[in-house]
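These are my notebook entries on a structure that I went through step by step. I put each point as a query to myself and then wrote down what I found.

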Amino acid sequence: THGERKGIDHVGIQAEDAGELKDIYGRLKQAGRPTLEQGETTCCYARSEKTWVHDPQGVAWETFLTTGESDVYGEDAALDP
């Protein structure tokens, strides 16, 4: 976890390819929860495409496809529910 709150910070679902990521995004939209489409980003020394959603308990779910490596750590998304 990041910050001061104990417990799970977020859960990640990594897609294997762009088609699988598109399927995951479609399922998120069908679930009817608000999403944060971060798009292309750099985080954790990797370049990726990301979308976030919070489950009913407030846990953030990160869905992503890693597209390459990065020499910098990058930025965290604003994940407030």
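How many cavities of 30 Å³ or more does the structure hold? I looked this up with the caution that the model is a predicted one, and I found one cavity of that kind. I noted about 30 Å³ of space in the largest cavity.

Which residues line the largest cavity? My list reads Y25, L28, K29, T35, E37 and T51. When I sorted the lining by element, α1 (18–31) and β2 came out as the elements that give two or more residues to it, and the largest share, three residues, comes from α1. Sorted by class, the lining has two nonpolar, two polar and two charged residues.

**Entry on the cysteines**

I then asked how many disulfides a search of the whole structure finds. I recorded zero. C43 is in no disulfide, and the nearest cysteine sulfur, that of C44, is 3.2 Å away. I checked C44 from its own side as well: C44 is in no disulfide, with the sulfur of C43 as the nearest cysteine sulfur, 3.2 Å away. Because a disulfide here requires the two sulfur atoms to be within 2.5 Å, I did not enter this pair as one.

Is C43 buried or exposed? I wrote down a relative accessibility of 9%, so C43 counts as buried. For C44 I have 45% relative accessibility, and therefore C44 counts as partly exposed.

**Entry on the loop between β2 and β3**

Where is C44 found? I placed C44 in the loop between β2 (35–43) and β3, and Y45 is found in the loop between β2 and β3 too. I looked up the backbone here and found phi of C44 near 60 degrees, a positive value in a residue other than glycine. Phi of Y45 is near 65 degrees, again a positive value in a residue other than glycine. Y45 has 48% relative accessibility and so counts as partly exposed.

**Entry on the aromatic pair**

How many aromatic pairs does the structure hold? I found one. The rings of Y45 and Y73 have their centres 5.5 Å apart and their planes at 80 degrees, so I entered the pair as edge-to-face. Since Y45 lies in the loop between β2 and β3 and Y73 in the segment after β4 (60–69), the pair ties together parts that are 28 residues apart in sequence. With 36% relative accessibility, Y73 counts as partly exposed.

**Entry on strand β3**

I next turned to S48, which lies in strand β3. At 4% relative accessibility, S48 counts as buried. With what is S48 in contact, leaving aside its neighbours within four places in sequence? I listed G39, E40, T41, L65, T66 and T67.

My last query in this strand was H54, whose place is in β3 (residues 46–54). H54 has a relative accessible area of 14% and is buried. I also looked up H54 against L36: the two are 18 residues apart in sequence, and their C-alpha atoms are 9.3 Å apart in space.

Technical notes. Residues are numbered from 1 along each chain as its sequence is written. This is a predicted model: local features need pLDDT of at least 70, side-chain atom pairs count only at pLDDT 80 or more; totals for chains, interfaces and linings use all residues. Side-chain values use heavy atoms; hydrogens and water are left out. Helices (H or I, at least four residues) and strands (E, at least two) are DSSP runs, numbered from the N terminus. Buried means under 20% relative accessible area, exposed over 50%, partly exposed in between (1.4 Å probe, protein chains only). Contact means heavy atoms within 4.5 Å. On a 1 Å grid over the protein atoms alone, a cavity is a set of points where a 1.4 Å probe fits but cannot get out, and a pocket is an open set with protein on both sides within 12 Å along at least five of seven lines; lining residues have an atom within 4 Å of a point. Grid points are joined across faces, edges and corners, and a volume is the space filled by probe spheres set on the points. Ala, Val, Leu, Ile, Met, Phe, Trp, Tyr, Cys and Pro count as nonpolar, Asp, Glu, Lys and Arg as charged, and the others, Gly among them, as polar. Rings of Phe, Tyr and Trp (its six-membered ring) pair if their centres lie within 6.5 Å; planes under 30 degrees apart count as stacked, over 60 as edge-to-face and the rest as tilted.
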